[in-house]
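Work through the exercises below with the model open. Try each task before reading its solution.

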2 protein chains.
Amino acid sequence: MRNIKLTVAYDGTAYHGFQRQTNALGIQQVLEDRLAKVFGHEFRIHMAGRTDAGVHAYGQVVNFKTTGTIPVERIAIASRSLLPYDIVITNAEEVPDDFDAQFSAVSKIYVYKIYQQTIPNPFWRNLVWTIPHTLDVAAMQQAAQIIVGTHDFSSFRASGGPPGSPVRTIMSAECELHNNILELSFWGNGFLYHMVRNLTGSLVNVGLGKYSIDKFKFILDQRDRKKAGITAPAQGLYLKEVRY
Amino acid sequence: MRNIKLTVAYDGTAYHGFQRQTNALGIQQVLEDRLAKVFGHEFRIHMAGRTDAGVHAYGQVVNFKTTGTIPVERIAIASRSLLPYDIVITNAEEVPDDFDAQFSAVSKIYVYKIYQQTIPNPFWRNLVWTIPHTLDVAAMQQAAQIIVGTHDFSSFRASGGPPGSPVRTIMSAECELHNNILELSFWGNGFLYHMVRNLTGSLVNVGLGKYSIDKFKFILDQRDRKKAGITAPAQGLYLKEVRY
């Protein structure tokens, strides 16, 4: 059995998240159903991380074992005509037998995109969070540095996720303008349920002047979700990269 | 009666073109139906130019006469909650009684977007023409200069459009890379049916090395649609601006 690692980009707008579900279409189901034809048998993929409904990915990673004989350099091309336009395999490689997309992951990078405009852009409606205010990016960048390092992120953890330690290590957190889009990027060894969207909601409050930087630090220190700001909407979030 | 001019941006993906139709949803119908609530009566809009199914606009222009009393500076905001996310009014102003969005137009700018990549971008699938080859942009730019000036564009006119002279004046035609997107922009006093998409199809043949620059000139001179290249797909085309 070969162990195949795929990197997948997708526009999550049309799907109910990544994971296979009973009553709604997840991206996992599309990949498994369509790729069965490429590999000649059914299989279950392991994913690096679930993404919620409406969340996107540039670099989701999955792996699976296969008896299929298609050369790895043919997989992306062979998949193209079978997959819908909003799911694209960007890379395929054969990996050692013990590689697991989830458990072998060392770190992940998420990006959250914000469009600061009173007039929404009709082309970006499902791809950014449009905020009709100008945010103080320098203050957001300063606040973001507070989360760098190892912290208890209970204040930014949504209920409903898997149990486990609320401690995570953030290697970098950056708020930068790229053309007209404010990009918040978070590189960490792992993320709690809704953690990036919850961090973004509170950082936006800093950008709006609703929170001082001290207040943002106070919220982190409280370890209490009720103290923090809103959950940023799903459509601005992208799983950018999984590192192994 | 006030004469109101609106500038409208839209993602044309979900619509069967701009014009109101009997059996399919046009953007005109959405605007007329939804904006009737803003102005307190039904009306018919005049549009600067029809766009086909799947074609987009940054700056479509429409006008209509109204007895409605809403101040112009309130129109865009009042419309936002009534219009779907993929249609946005970006400007509203009161214009002289004899202004007509179509007949008062002096020139228009269309942009055609091409993404040169073997791996499609799932976020741009409805917004660009993806070509899995690297195009010779310098050759395309050189060929595009041949259409600048006043010419008979019969070679680039589709059947099925309104009758009339095939002569149009192109003020500028540019092929430029913006980040990873090749943008072809055409500024002219008017455009024949499918003219921008037909010009783009033949310019892409120049970029692929299928046509020499002399061959492109020969095609223009032939005044025969059968001599030219394919019609570029709708989803890469944008009505960028209408000038008055």
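**Exercise 1. A histidine and its surroundings**

Does His46(A) count as buried, partly exposed or exposed, and what neighbour count decides the class?

Solution. First, the ground rules. This is a predicted model, where local features need pLDDT of at least 70, side-chain atom pairs count only at pLDDT 80 or more, and totals for chains, interfaces and linings use all residues. Residues are numbered from 1 along each chain as its sequence is written, while chains are lettered from A and ligands numbered from 1 in the order in which they are written.

Step 1: apply the cut-offs. A residue is buried if 20 or more other C-beta atoms lie within 10 Å of its own, exposed if 12 or fewer, and partly exposed in between, with C-beta atoms placed from the backbone.
Step 2: count. His46(A) has 18 C-beta neighbours inside 10 Å, so it counts as partly exposed.
Step 3: locate the residue. His46(A) lies in strand β2 (residues 46-47) of chain A. Helices (H or I, at least four residues) and strands (E, at least two) are DSSP runs, numbered from the N terminus.
Step 4: list contacts, meaning C-beta atoms, placed from the backbone, within 7 Å. Leaving aside neighbours within four places in sequence, His46(A) is in contact with Val62(A), Asn63(A), Phe64(A), Asp100(A), Ala101(A) and Gln102(A).
Step 5: check one pair. His46(A) and Asp100(A) are 54 residues apart along the chain, yet their C-alpha atoms are separated by 7.0 Å.

**Exercise 2. Pairing around β5(A)**

Find the strands that pair with β5 (residues 107-116) of chain A, and give the sense of β10(A), β9(A) and β6(A).

Solution. Two strands pair if DSSP finds at least two bridges between them.

Step 1: β10(A). Six bridges join β5(A) to β10 (residues 237-243), and the two run antiparallel. Ser107(A) stands opposite Arg243(A). Ile109(A) faces Glu241(A).
Step 2: β9(A). Strand β9 (residues 181-188) is also antiparallel to β5(A), over eight bridges. Tyr115(A) has Ile181(A) as its bridge partner.
Step 3: β6(A). Here the sense is parallel, with three bridges to strand β6 (residues 129-131). Gln116(A) is bridged to Ile131(A).
Step 4: go on from β10(A). Strand β3 (residues 56-66) of chain A pairs with β10(A) in the parallel sense over two bridges. Ala57(A) has Leu239(A) as its partner there.

**Exercise 3. Helix α4 of chain B**

Test the length of helix α4 (residues 195-207) of chain B, and say how many of its residues are buried.

Solution. The expected span of a helix is 1.5 Å times one less than its number of residues.

Step 1: compare. The 13 residues of α4(B) should span 18 Å, and the end C-alpha atoms are 18 Å apart, which agrees.
Step 2: count burial. 12 of the 13 residues are buried, so α4(B) is largely enclosed by the rest of the structure. Among them are Arg197(B), Asn198(B) and Leu203(B).
Step 3: follow Leu203(B). Not counting residues up to four places away in sequence, Leu203(B) touches Met140(B), Ala143(B), Ala144(B), Cys175(B) and Leu184(B).
Step 4: inspect both ends. Just after α4(B), Gly209(B) takes a positive phi of about 85 degrees. His194(B) lies in the loop between β9 (181-188) and α4 of chain B. Its phi is near 65 degrees, a positive value in a residue other than glycine. Most residues other than glycine have a negative phi. His194(B) counts as buried, with 22 C-beta neighbours inside 10 Å.

**Exercise 4. The two chains together**

What rotation superposes chain B on chain A, and which elements of chain B give two or more residues to the contact side?

Solution. Copies are superposed by least squares on the C-alpha atoms of residues with pLDDT of at least 70 in both.

Step 1: superpose. A rotation of 180 degrees with 0.0 Å of shift along its axis does it, at RMSD 0.0 Å. That is the relation of a two-fold axis.
Step 2: compare surfaces. The same surface serves both copies, since 100% of the contact residues of chain B recur in chain A.
Step 3: count. 15 residues of chain B are in contact with 15 residues of chain A. On the chain B side, β1 (2-10) and β4 (87-95) each give two or more residues. The largest share, three residues, comes from β4(B).

Notes. Contact = placed C-beta atoms within 7 Å.
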